[in-house]
Structures are given as C-alpha cells and as structure tokens.
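Got the model open in your viewer? Let's take a short walk through it, one selection at a time.

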Amino acid sequence: MINAEETDIFISYRRVDGRDYARNIQLALAKEGFPNVFFDYNSMRAGMFNEQILTAISHCKDFILVLSPQSMLRCANEGDWVAKEIQTAIESGCKIIPVQINEPFTNWPEDLPRRFNFIKQIEFLTLRTDEYFDASITRLVSWLDTKPARAISSTSTEHFALEVNVDETCELQIDGQKIRKLKGGKSSIIENLFKPGKRYNLTFVSLASKTEPYNIEYTCSETILFGSIDISFAEMREQKKLAEKLEKERKEAELQIQREHEMLLKAACDQYDESGWERDGMTPIMKNHKIGFLNSNCFEAIPCIYDNTSEFCNGYATVCLGNKWGIIDESGQIVIPFKSDIPCYERGYYKYFICAVEKHFAISTIERGFPDTFPYEDIIAIDKYPDLFFVKQGGLWKMINASGGAVPFKATAQEINISSYISDWYKYNHLWFREGWQLQICPLPVGISHPQTGKYAYLNSNLEMTIPFIDELSGYNTYEENIIIKTNSKMSLVNPELGKTIIPPIYDDIKKIFYEQSWDLYLVSNDAQWDNFDVTPDGKRKLTIGAKLIGGRQGVLDGQGNIIIPQIYQKIEMMRTCENTYILAHQLKDMKTYVTEVRNTSVLRYEFNRESSIVDFYTTDGERVKSLPYKDY
C-alpha cells in the first residue's frame, strides 16, 4: 500500500461487485506509469486504516468512481463507506471520474442523497472488459489530471493475479499440483502462477472438515489481469444435500408412477389368457390363441387377431396373419401388407426389413413398402452394420448395402463362414413364440471363401480384407479375437481385425486350450498324431472332435505368440487342484505307437518307458513348479 499522503489517484468501489474492476484499473494504470494509485486492496475499514483512506482522498488529484451495478445502492445509509469516500472527494476538490462497466449505468437508487445528484451530470467513461479493455484504459489516462511518473516497457511479462476467499482452511491445487495452504475466512492473492487467456483446473481440499474437494475450472482473462472467486464449502455441502434430496424425491416419484402403471397394466392383462413384457410402450396380450397389444395407457390398442408377432420397436411390429407376415404400427394400421412367407425381420429399428416369397429374399423400407422383386436366394445380416448384408445370388455370396449396391471391395464368396456359437447366439429375432424362420446375423471379423479355390479370406469390423484368400482351414475359430488358419499345410494364429500374424505358419497343428474355461493359450505341435480317429472308405483319416495329440514335439504359446512351455514334450494336458490349474507336460521316453480296432473304430495306442519318462508341472503363466518321474505321477 502506498503512502496516503503521496496518493495521486484514488479508486472507489463497492466491494460486493466492483472489486475486480477496481483492481484491474489499478494494475493497468501501474503499467501505464502511475505508481501512486490508492486501491483499498483488503477493504479494512477500521481504526488507523480509515484515516489513511480519507487522507489519501484529500491528497489525490483524480477520484475514480467505479459504477458497478450495486455501487450506489447503499449511499443513503449512515456510515456507508462509498458515500464517505465520494463526500471527501467533493470536499477536497478532486476531479471525479465515474467509470461505468461495458454499458450505460442506470441503477440509481430512489433514496440517493441529493448532494450526489451532480454525478449523473458528469461525463462517464465506459470501461470495456473485452478486447477493447486497453483502449478504455488509454482513454482513462487522457482524462486524468495526474501525469505518469515513468514509462513501463510494453515487453514486460504480464501475470494474472487471482484473489481467493474461502470459508474453511484448505489446500489449493492447480492442475493437480499442490500450491499452498489457504486460511479460512481470509482473502489470499495468488500471483505469478497464472497466464492471461489460459484455463486452469482449481481444486480446494478442506483441511477443516471431511468434505469432498471443491473443483472448478477458471479461465483467466486475456485483457484484464485480476480476478476473484469465493469458495464456500458450507454452501457446497448444502447444495449437495439439496441435490440429493431432489434426486431422491424425483426417483421416488418415478417409482410411484411406475408402480401405479404396473398395477394398472396387471389389472388390464388379467383380463386376457396370457401377456408378455411391455416394450416401446406396447404390451403383447393373448386371447383364444390370438395376439394383440395394450398401449401405454393400458387400453387394447390392437385387438387379438394375430397368430404371431414380434415385440414393438421404434413404433412398428412384425405380425403374422394366417401364414403370411406384415408390419403394423402402434395404432394397428397395416404399413406392410401380409405377403411375406417369413417374418419381416427388422434391421436398424425398422430402418430396413427383410422379407421373402417362395424362398427368395428382398430388402425394403417402410417408405418403399413391400418389394416387387425378390432377387436373393439367402440373406445374412451383418453385426454392427444394419444397412449392410451378405446376399446369395446365382449361387455366390456378395456384400451389398440396403439399396442393393455392392460394397467397395466387391468380394464374392462360395460360402460365408459363421461360427455356430455366434450364429446360434444371434438367431433370436424377438418373436413371441420364437417359431419359424430365424435370420442369421454375422459377426465381424468373418471368413469368406473364394468361388474357385475355396480358400478363405477375412474381413475386419471396418469391412477391410485384412487376411487374403490363403486360409485352407474353412474359417476355423471365427468367433475368437485371434483365429487359427492353415496355409501350405501349416497352421498359424492371426488377428483379422488388425491383419496381424501372432503365431507364424510353422506348426502342423494349433489348438486353443479349453479346460472348464477358455484360456488365452494355444497348444502347438509338429510330427504329432491323433490318439483316436475314424478311417473313411477312401482311407483318409477323419478327425474326431475332442481328440488329443500324442508324440512329436508339443509346446504351449500364449495369445501374443510368447513361449509358455517349450516345444519338447510328447503329450500336454490340463489338471485342476483345489487351489490351482496346472499344465502337465509329459516327456515320454522310447515312445511307440500302434493302431488297433475298438468297436469298429481305428484307435491309436502308444506305449513308453515309464521308468525314464517324467511329468513337468507348469502354471498357466508358464512357471515350472515341479517335476515327477512318471512312475510316481
């Protein structure tokens, strides 16, 4: 604070809403070379400080009156300090400069003392707080009787100062970094940490009570260099309690409405033979083996006349009348006539639907209506892409969009390989009885076979062909993130989504390990044989599902291709104890194999030296924990 008797300029303001403007005027004037600007920084209004304020006004040449919205409202009150400051300025003969903020000041109180009416007649200076702030200060400087004492370099570094008022002692963090401790009930000035125009995350952690941190985002002005914020933990707690109370009341009200609706719905459904679940505001009902719907008001909007139906979705439902299928809306209006031999299966919430006549299929929309032609022999919908389909035409599969246009890569295929696990999972088509035709939905990535070679390629979820037509294994494991393929009679593990080879094609066989659950582990082998097989009439071996490999060189790799168990064993299997699951790796010495007939099936048998053979115990992470002679195992 400057010496009161050396004051050239005094800034008067109403603390409740004018402090920031006053502080920024003071900083701007200091930059322009006016060091003797008296600004009641902390608003201490008692004792000797009061005398300093009045002394400063009596010695100043220019008296700047900041006209914030509430600046003049209490001037009629006895002892009001803004009124005292104005009165002292009048008596001292100071030049009074009213400064209005951004727009004309009109908030004059009816009880304004008559001695202050002359202020309304003085020319006001408008202080802009936007990009024209510097221009406002230049104009203010030209109005002052005080002349600058020195010039301030325009290249000097500018920092933003922030005044913080907190009601509880707390710790301030800026962008997650601890800065300082702030005392409750006092103002603190944070300087040299903020830059104009930058945004900061401020966190206030109370040290006085167990309260959640107070978090705010604060953006520093680009044109003015001072700001202030008030942080009230007490107010935050009260607001949180109020918000929790209102949210609880809202949920209770919603629950009560839901209960009342369920009671009305149950009473309405009790009048029918059977009812289903409400969806899209429509509830299926049955009477005399015919199906209809109640609407959201629990009235029978659609009479019980249909033989089968899907749930309502996006305002439409597929229904069956006799042996033909069509589509109705929520009012029961027929929007697609009953001409399809199969349910009009919806894709993309009835943006498109699929129908069929005489085992030929077509794709249409509600707007286009029932198709005139049915060009496809089969259709498979594609997961994640409701407007794309695999269609079979002329005995070949291709991909098209809903308008019938070919997709960019223009691939055709003899077969589309969908894992039975995935296709079964996606067959559910929301029909009430789940009878009749079921649409297959193809997940991505997916394998497609070449029309001439029969080899498979793979498409990722972006419909890019990441694995070309090289797979001889007919799309094995297409429902895994990584899949096993066969090229030039060698197995490899690839990721079709990324087009990346995980395990190179150097193995005779790769099998994913399943044992009570699926592990991200793969059994790899070379020169091994199956322990049972069927011999077909042409002498070729037909592998039996679940058969095990024996002999040769076997090992285990993980899903990233890392070696878990080295490829030195003749037999590998899983074992579970009460605590852990182990991989048992058998080193079988002097092993011999032979084929025998069991119940008209050729079975591979083997024998080995039990004295010299051993069994190694590995964890599923590849740590060998113990080794036993086979005779003890």
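Contact here means heavy atoms within 4.5 Å. Keep in mind as you click around that this is a predicted model.

**Stop 1: a residue in a strand.** Select Leu 202, which sits in strand E10, residues 199-206. Leu 202 is buried, with a relative accessible area of 1%. What is it in contact with, once neighbours within four places in sequence are set aside? Show Leu 162, Leu 172, Gln 173, Ile 174 and Phe 194, then add Tyr 214, Asn 215, Ile 216, Tyr 218 and Ile 229. Now draw a distance from the C-alpha of Leu 202 to that of Tyr 214: you should get 8.1 Å, for residues 12 apart along the chain.

**Stop 2: a helix with two sides.** Next, select helix H4, residues 133-143, and colour its buried residues: Phe 133, Ser 136, Ile 137, Leu 140 and Trp 143. Look down the axis of H4 and these buried residues fall within an arc of 110°, so they line one face of the helix. On the face turned away from that buried side you'll find the exposed residues Asp 134 and Ser 142. To see what covers the buried residues of H4, bring up helix H1 (15-31) along with strands E3 (62-67), E4 (95-101) and E5 (125-127), which are among the covering elements.

**Stop 3: the cysteines.** Hunting for disulfides? The structure holds zero. Pick Cys 298: the closest cysteine sulfur, in Cys 269, is 7.4 Å from its own, too far for a bond. Cys 298 is buried at 13% relative accessible area, and Cys 304 is buried too, at 17%.

Note on methods. Residues are numbered from 1 along each chain as its sequence is written. This is a predicted model: local features need pLDDT of at least 70, side-chain atom pairs count only at pLDDT 80 or more; totals for chains, interfaces and linings use all residues. Side-chain values use heavy atoms; hydrogens and water are left out. Helices (H or I, at least four residues) and strands (E, at least two) are DSSP runs, numbered from the N terminus. Buried means under 20% relative accessible area, exposed over 50%, partly exposed in between (1.4 Å probe, protein chains only). The arc is that of the directions from the helix axis to the C-beta atoms. A disulfide is a pair of cysteine sulfur atoms within 2.5 Å.
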